[in-house]
Structure formats: C-alpha cells, structure tokens
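Start with the sheets of this fold, then look at the helices that pack on them. The cores come last.

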Amino acid sequence: MRFTCEKSMLVTALNITSRAVAPKSALSALEGIFCEAAGDLTFTGYNMETAVTYRVEAEITDAGKCIFPSRLFGDIIRRLPEGPVTVSVDENYKVSVRAGYSSFTISAENANDYPELPDVSGGRNVALPQNHLKELISSTIFAVSENQGRPIHTGVKFEVETDKVSAVAVDGFRLARRTFPIQAETEVSFVVPAQGLKEVEKILADNDDEVSFTLGSKHILFHLGDATLICRLLEGDFLDWRKVVPTNSPVKLTANVSDLSSAIERVGLIVSEKYKSPVRCIFSEQVLQLRTNTTIGAAEDRCSIAGDGKELEIGFNVRYLADALRVIPSEEVVLELTNSLSPIVFTSAEEKYDFAYMVLPVRIKN
C-alpha cells in the first residue's frame with residue numbers, strides 16, 4: 001500500500017477516528033486504526049460499540065489495507081512538517097512515513113484481523129440539517145442518566161414523525177426535550193447511547209448542510225460528510241415522557257433567560273458537589289426570590305418575572321436549573337408550575353422554538 005496526502009487532512013481524519021479506538025481490548029486489532037487505500041483512502045476506529053470512518057482525498061499509488069498503531073501513528077503525523085505526506089506499507093507490514101526531510105519506519109498489523117463493521121444497509125433513512133441534529137443532541141444529552149441499572153436511559157431517545165423529529169433524555173430527576181420540524185417518509189423511534197452521540201456532536205458543523213442517518217435493526221449509521229459513524233442502539237422500555245410532563249399548569253410565568261440564568265448561577269456559587277443544598281425558589285408577583293444556605297455560606301438573589309407565582313415556594317437542584325437554562329435558544333422562557341410538590345417545566349415563549357425542560361423539586365427544610 002502506498003499513498004500521498006496532505007498532512008492537515010490526515011490529522012483531521014486521525015483526530016476524528018482515534019476517539020473510537022478501544023484503549024484496551026482482548027482483540028489487539030481494535031487498539032489500532034484500520035486504513036484502507038482503494039478507490040478512496042479511509043481510516044476507521046472501532047471499539048465494538050461505536051465505529052467512526054473518515055474518507056480522505058489522497059493520491060493512491062498502490063491499493064491495500066493495514067492496521068496502524070493508533071497513538072504512535074497519530075503522534076508522528078501530527079508532528080510532521082506541513083505539506084504532503086507519503087505513507088507506504090510493504091508485504092511485511094513495515095510502514096514508511098515521509099514528509100519533507102522527516103522520515104519514520106514503524107510496524108503495522110495485518111488487516112485481516114480487524115472485525116467487520118455492522119451492516120446497516122437497507123435501513124430506513126432520515127435527513128435533516130447539520131445544525132438541527134447538533135442542537136437536538138446538545139440540548140438533551142446533558143440530561144441522560146449515568147445509572148447503569150437502567151441502561152435504556154443512558155441514551156437519548158429520538159422520535160421521528162412525518163413532520164418533526166424530537167430528542168428526549170431523562171435521568172430520574174429531570175427531563176429534556178427538543179423538537180425540530182422535518183419532512184420524513186417514515187415514523188420511527190430509537191435510543192442512541194450518549195457516548196456515540198457525543199462523537200456525532202463533535203463531527204457536526206454549525207451549518208444547514210444536510211446530513212442523514214440510516215436506522216438498522218440493532219445499529220444506526222450517521223452520514224456526516226466525509227465521516228460516517230455506526231453505533232449500537234439501546235434496547236428496553238424508555239420512560240413514557242408524555243405521561244410525566246405536566247400539562248395545563250395553573251401557574252405560568254415568563255422570564256428573561258439571561259437574567260434568570262445569571263441569578264441562578266450566582267446563587268449556585270455557594271453550592272458545591274460536597275454541599276448539595278437546594279436553591280429555595282419563592283415565586284411571587286413579578287419577582288422570583290432565590291435563596292440557598294450551606295455550611296460554607298449563604299446566598300440570596302432575585303429575578304424579575306412576568307406574572308403572579310402565588311407565593312409558591314419550591315426547592316430545586318441549582319445545577320439542574322442552570323443546565324436547562326444554558327441550552328434554551330430563546331430570549332424568554334415560560335415557567336410552568338402546579339404546586340410546591342410538583343416539577344417546574346421550562347417551555348418556549350416563542351412559536352419558532354419547540355422544547356420542554358422539566359426539573360423535579362427537592363425537599364427543603366423550613
């Protein structure tokens with residue numbers, strides 16, 4: 001195998017695919033980067049759960065395939081001088097890397113030891129803009145559960161309808177939902193592991209170029225420009241979120257997202273991982289009062305709101321409130337409340353946005 005490629009393109013490919021390489025595996029081949037030079041030059045990282053493949057433009061002199069040592073090969077390429085890089089691999093899997101006056105000789109492995117990637121061909125295909133998929137992920141992934149006792153909730157549920165796509169995440173204390181309009185020919189729902197979605201989010205750009213995903217029986221394939229990502233779907237019964245999110249709440253208030261977020265983050269300075277005291281929220285007429293007390297100090301702040309909170313007093317985890325407000329895209333948000341023992345639900349104050357963030361209350365001491 002022999003090919004020549006610009007260093008910058010190789011660096012991009014290796015940075016993206018190496019994140020899916022298994023750091024340690026019973027199958028040593030998975031600790032390397034699979035490279036194939038045929039019609040295209042492609043690099044693949046795979047850990048039996050997630051596979052990332054990246055296509056690179058290159059001048060291929062001799063076709064072939066091998067497994068490069070992931071860390072060593074990546075470190076060499078990153079430190080080469082800018083410009084074209086020539087890589088050749090002989091029949092004994094001795095690798096020669098040359099760029100400018102720099103040259104390296106390392107060893108590769110036989111590509112026959114690399115496992116085949118899951119086949120998702122023939123699956124159902126859904127397309128949407130890159131920035132919408134990126135926002136669906138970033139707006140919900142923070143709320144996935146870390147409890148492996150319910151593995152289905154360690155991922156984000158996608159619900160595709162003919163006119164919209166929604167992403168939903170829950171962890172037992174909060175819920176996050178984001179929805180975008182689309183035109184789809186199929187209606188499906190599935191749950192993608194958070195770890196795979198984090199890699200998808202890193203690859204996606206903030207533009208409206210179209211990307212798509214193909215849904216197989218047990219895997220999903222994301223088509224992301226020059227990159228593709230395959231990951232295993234999670235199986236199980238996901239929470240029926242429509243039944244747990246309150247509707248028709250009697251108290252609805254409106255607040256400026258920036259002002260509310262700033263007040264909550266200021267009060268949260270007194271709260272730490274060690275001292276997880278809740279923030280006491282008192283919803284009065286036109287004013288939200290925020291108070292917290294921990295062994296390291298006390299804090300109090302207030303934020304203007306539109307509406308009458310009926311003097312409802314509710315305790316919340318301050319980080320959960322801050323996380324939700326951080327991803328709200330609108331300038332204003334509606335706060336929906338029922339009573340002092342019910343959750344708060346943040347919904348959009350503008351028709352062009354469709355989201356809901358629910359945070360359960362925390363018991364507070366008088």
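This is a predicted model. Ten strands make an open sheet, with the order β14-β11-β12-β13-β23-β22-β21-β18-β20-β19 and antiparallel pairing. The edges are taken by β14 (188-193) and β19 (279-294). Each has a single partner strand, so one side of each is left without a neighbour in the sheet. From one strand to the next, the twist averages 25°.

Strands of a sheet pair through backbone hydrogen bonds, either parallel or antiparallel. Here, β11 (residues 155-160) and β12 (residues 164-170) run antiparallel and are joined by 4 bridges. Val 160 has Val 165 in β12 as its bridge partner.

Helix α4 (residues 194-203) packs on this sheet and touches β11 and β14. Its direction makes about 90° with that of β14. Helix α7 (residues 318-326) also packs on the sheet. The strands that α7 touches are β13 (174-181), β19, β20 (297-316), β21 (332-337), β22 (344-348) and β23 (354-359). The direction of α7 makes about 10° with that of β22.

At the β19 edge, β19 and β20 form a hairpin with 2 residues between them. These two strands pair in the antiparallel sense over 14 bridges. Leu 290 has Asp 301 in β20 as its bridge partner.

Helix α7 has a helical partner too. It packs with α6 (residues 257-267) at an angle of about 155°, and the axes are 10 Å apart. Angles over 145 degrees count as roughly antiparallel, so α6 and α7 are roughly antiparallel to each other. Their crossing is left-handed. On the α6 side, the contact is made by Val 257, Leu 260, Ser 261, Ile 264 and Glu 265. On the α7 side, Val 318, Leu 321, Ala 322, Leu 325 and Arg 326 take part.

Another open sheet has 8 strands, in the order β6-β2-β3-β4-β17-β16-β15-β10, with antiparallel pairing. Its edge strands are β6 (64-69) and β10 (124-129), and each pairs on one side only. The twist here averages 20° from one strand to the next. Within this sheet, β4 and β17 (residues 227-232) pair in the antiparallel sense over 5 bridges. Tyr 54 has Ala 227 in β17 as its bridge partner.

Two helices lie across the sheet of 8 strands:

| Helix | Strands crossed | Angle |
|---|---|---|
| α2 (residues 70-79) | β2 (32-37), β3 (41-46) and β6 | about 95° to β6 |
| α3 (residues 130-138) | β10, β15 (210-215) and β16 (219-224) | about 95° to β10 |

Where does Val 56 sit? Its place is in strand β4 (residues 50-56). Is Val 56 buried or exposed? It is buried, with a relative accessible area of 2%. Beyond residues up to four places away in sequence, Val 56 touches Cys 5, Met 9, Ala 13, Leu 41 and Phe 43.

Now the cores. In soluble globular proteins, nonpolar side chains tend to be buried together. The largest nonpolar core has 105 residues. Phe 43, Phe 68, Phe 158, Phe 190, Phe 222, Phe 283 and Phe 346 touch the most other members. Apart from this core lies another, of 12 residues, among them Ala 29, Leu 30, Ala 51 and Tyr 114.

Take Phe 158 as an example from the largest core. Leaving aside neighbours within four places in sequence, its contacts include Leu 133, Leu 136, Ile 137, Val 165, Val 188, Phe 190 and Leu 197. Ser 166 and Ser 189 are also among the contacts of Phe 158.

Terms used
Residues are numbered from 1 along each chain as its sequence is written. This is a predicted model: local features need pLDDT of at least 70, side-chain atom pairs count only at pLDDT 80 or more; totals for chains, interfaces and linings use all residues. Side-chain values use heavy atoms; hydrogens and water are left out. A nonpolar core is a set of buried Ala, Val, Leu, Ile, Met, Phe, Trp, Tyr and Cys residues joined through side-chain atoms within 4.5 Å. Buried means under 20% relative accessible area, exposed over 50%, partly exposed in between (1.4 Å probe, protein chains only). Contact means heavy atoms within 4.5 Å. Two strands pair if DSSP finds at least two bridges between them. Axes are lines fitted to C-alpha atoms, for helices over the stretch in contact, and angles run from 0 to 180 degrees between N-to-C directions. Angles under 35 degrees count as roughly parallel, over 145 as roughly antiparallel, 65 to 115 as roughly perpendicular and the rest as oblique. A crossing is left-handed if the near helix is turned anticlockwise from the far one by less than a right angle, and right-handed if clockwise.
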